[in-house]
Amino acid sequence: MKQIDRLRSLGLFDARVPRYTSYPTAPVFSPEVGAAHQVKALAALNPDEPVSVYLHIPFCERLCWFCACRTQGTKTLSPVESYIGTLEQELALLKDTLPAGLRMGRMHWGGGTPTILPPHLIHRLAQAVRAVIPPTEDHEFSVEIDPTMVDPDKIAALAQEGMNRASIGIQDFDPKVQQAIGRIQPFDVTRACVEDLRAAGVHSLNADLVYGLPHQDIARMDDTISKVLELEPDRLALFGYAHVPWVSKRQQLIDEEALPKEVERYELAKLAAQRFKDAGFDAIGIDHFARSGDTLARAARTGHLRRNFQGYTDDTCPTLIGLGASSISRLPSGYVQNAPATAAYIQRIESGTLAGSRGHVMTEEDLLRARVIEMLMCDFRINRPALRQVFGDTSNIVDPLIAQVATRFSDYVELSENYLDISRAGRPLTRIIASWFDAHVPDGVKYSQAS
Ligand SMILES: C[S@@+](CC[C@H](N)C(=O)[O-])C[C@H]1O[C@@H](n2cnc3c(N)ncnc32)[C@H](O)[C@@H]1O
Ligand code: SF4
């Protein structure tokens, strides 16, 4: 059987499985774990251990049709300005809750489009966060940048506030593809943004690309990649297009007939990975690439790569505090998600409580399964001695599942006394293999395709 047919027979094109940016995944969070749990867990944080902070800006000036992110369109600044006021109120509530002396090791602004904020709001927000959780000496501050929604003044304001990493949205440079996804972004505009970021002293740049978009073919993808490489990013994310119009209504504008078929999608991802490898990038996990001197590549080489809601990270900090609508906090006891809808989030904060509305309290077994899934997603390996070191005897839960996976995926995994390894050819199956260790598969939730 041809390689592609063998992968197909193992579900590559049919399986609908999570991307495992967390385990358990957000759809299984329970409304019983909300603000009360959030307050208790935040108050109990160890002040000597720096935390990471994620801040969500759920606004965009234009709504790209392909996008599945939680965001809303606005042509005026007034809802954005009033949202910043709500974030300040959320921070004031946090201040009353957090232990004194807590510091912030990392901060990430995502969205939506954080660069919809004009300079005065950038300063206001950054200062409000710092006043509640002061940064450590070596802290990292990264921001998602839409090159069509930014200017040198905004970049200067972010750099003044300490931004030292940026992630720019590209997706695809081909005009026909851009038209089909409702996102017009000329190459020159993107290049100017990259130059402005570098001139402002931001030397770590990531670029987001998407494969599987309408009208993408090998020639167009090849051309996009050549242009992306001209920009000399340090990191690349290559996401498979998640077509989920039942979740993201704007995707109903996407012409499904123009979407590449499953094998074409697979070939597009393969081409991109090969081009990045040829250009000197290391492959990181299932969908990232990094120059080998980059901290992400070093983390991958040394077994310190982690998976979080933004994808892959070298951030080993166990606690992530999410601020803003829909953001998820990862706390020592589990996950808490703020109210996903912006109006509901604002209402909760204005009523004087934190906005946690759903979550999950981790059991010992959840923690073990979460680490197994993270190992597979990051290292393509289950390291049994490393699991035993943290969790003690894991054999009753992990061993039977490893045995089942080894049988089912025998062509693509290798089993030895200490490790289960996914082979290079089997890597497209990683999400499917990880899902075998998931005990919380929710009823009726449809995920995007696994390839
Ligand atoms: C919050 S957006 C990026 C920031 C900024 N708003 C921009 O557009 O440049 C995060 C990234 O998620 C990815 N993304 C969004 N929707 C997606 C989908 N349906 N499938 C795969 N990736 C998607 C895109 O690569 C996008 O750059
Ligand atoms: S891709 Fe970025 S700009 Fe476009 S809708 Fe999504 S978050 Fe907004």
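A crossing of two helices is right-handed if the near helix is turned clockwise from the far one by less than a right angle. Keep that in mind as you walk through this predicted model.

**Stop 1: H12 and H13**

Select residues 364-379 for helix H12 and 384-391 for helix H13. The crossing of this pair is right-handed. Their axes cross at roughly 155° and come within 11 Å. Angles over 145 degrees count as roughly antiparallel, and H12 and H13 are therefore roughly antiparallel to each other. Now show the side chains: on H12, pick Glu364, Leu367, Leu368, Arg371, Val372 and Met375, which meet Ala386, Leu387 and Phe391 on H13. Sorted by class, the contact of H12 with H13 has seven nonpolar residues, two charged ones and no polar ones.

**Stop 2: H12 and H14**

Keep H12 on screen and add helix H14, residues 395-408. Here the axes cross at roughly 35° and come within 11 Å. H12 passes H14 in a right-handed crossing. To see the contact, select Glu365, Leu368, Arg369 and Val372 in H12, together with Ile397, Val398 and Leu401 in H14. Five nonpolar and two charged residues make up the contact of H12 with H14, with no polar ones. Leu368 and Val372 deserve a label: they are among the H12 residues that meet H13, and they are also among those that meet H14.

**Stop 3: H4 and H5**

Next, move to helix H4 (residues 119-132) and helix H5 (residues 152-160). What is the angle at which H4 and H5 pack? It is about 15°, and the axes are 9 Å apart. Angles under 35 degrees count as roughly parallel, so H4 and H5 are roughly parallel to each other. H4 passes H5 in a right-handed crossing. Pro119, Ile122 and His123 are the H4 residues to select; on H5, they meet Asp153, Lys154, Ala157, Leu158 and Gln160. The residues of this contact of H4 with H5 divide into four nonpolar, two polar and two charged.

**Stop 4: backbone details**

Most residues other than glycine have a negative phi, and most peptide bonds are trans. With that in mind, zoom in on the loop between helix H1 (3-9) and helix H2 (35-43), where Pro24 is found. The peptide bond that joins Tyr23 and Pro24 is cis, with omega about -5°. Tyr20 lies in the loop between H1 and H2 as well. Tyr20 is not a glycine, yet it has a positive phi of about 50°.

Which residue does a cis peptide bond join to Gly111? The partner is Gly112, and omega for this bond is about 15°. You will find Gly112 in the loop between strand S4 (104-111) and H4, the helix that packs with H5.

**Stop 5: the annotated positions**

Finally, select Phe66, Cys67, Ala68, Gly112, Thr113, Gln171, Arg183, Asp208 and Ala242, where an unreviewed UniProt entry places the feature "binding site". Of these residues, Ala242 is included in the lining of the second largest pocket. Ala68 lies in the loop between strand S2 (59-60) and strand S3 (72-73). Gly112 is in this UniProt set, and you have already met it at the cis peptide bond with Gly111.

Key. Residues numbered from 1 in each chain as written. Chains lettered and ligands numbered in written order. Predicted model: local features only at pLDDT ≥ 70, side-chain atom pairs only at ≥ 80, totals over all residues. Heavy atoms only, no water. Axes fitted to C-alpha atoms, helices over the stretch in contact; angles between N-to-C directions. Helix = DSSP H or I, 4+ residues; strand = E, 2+ residues; numbered from the N terminus. Parallel < 35°, antiparallel > 145°, perpendicular 65-115°, else oblique. Contact = heavy atoms within 4.5 Å. Nonpolar A, V, L, I, M, F, W, Y, C, P; charged D, E, K, R; others polar. UniProt positions renumbered as here; feature names shortened; annotations may be inferred. 1 Å grid on protein atoms, 1.4 Å probe; cavity = no way out; pocket = protein on both sides within 12 Å on 5 of 7 lines; lining within 4 Å.
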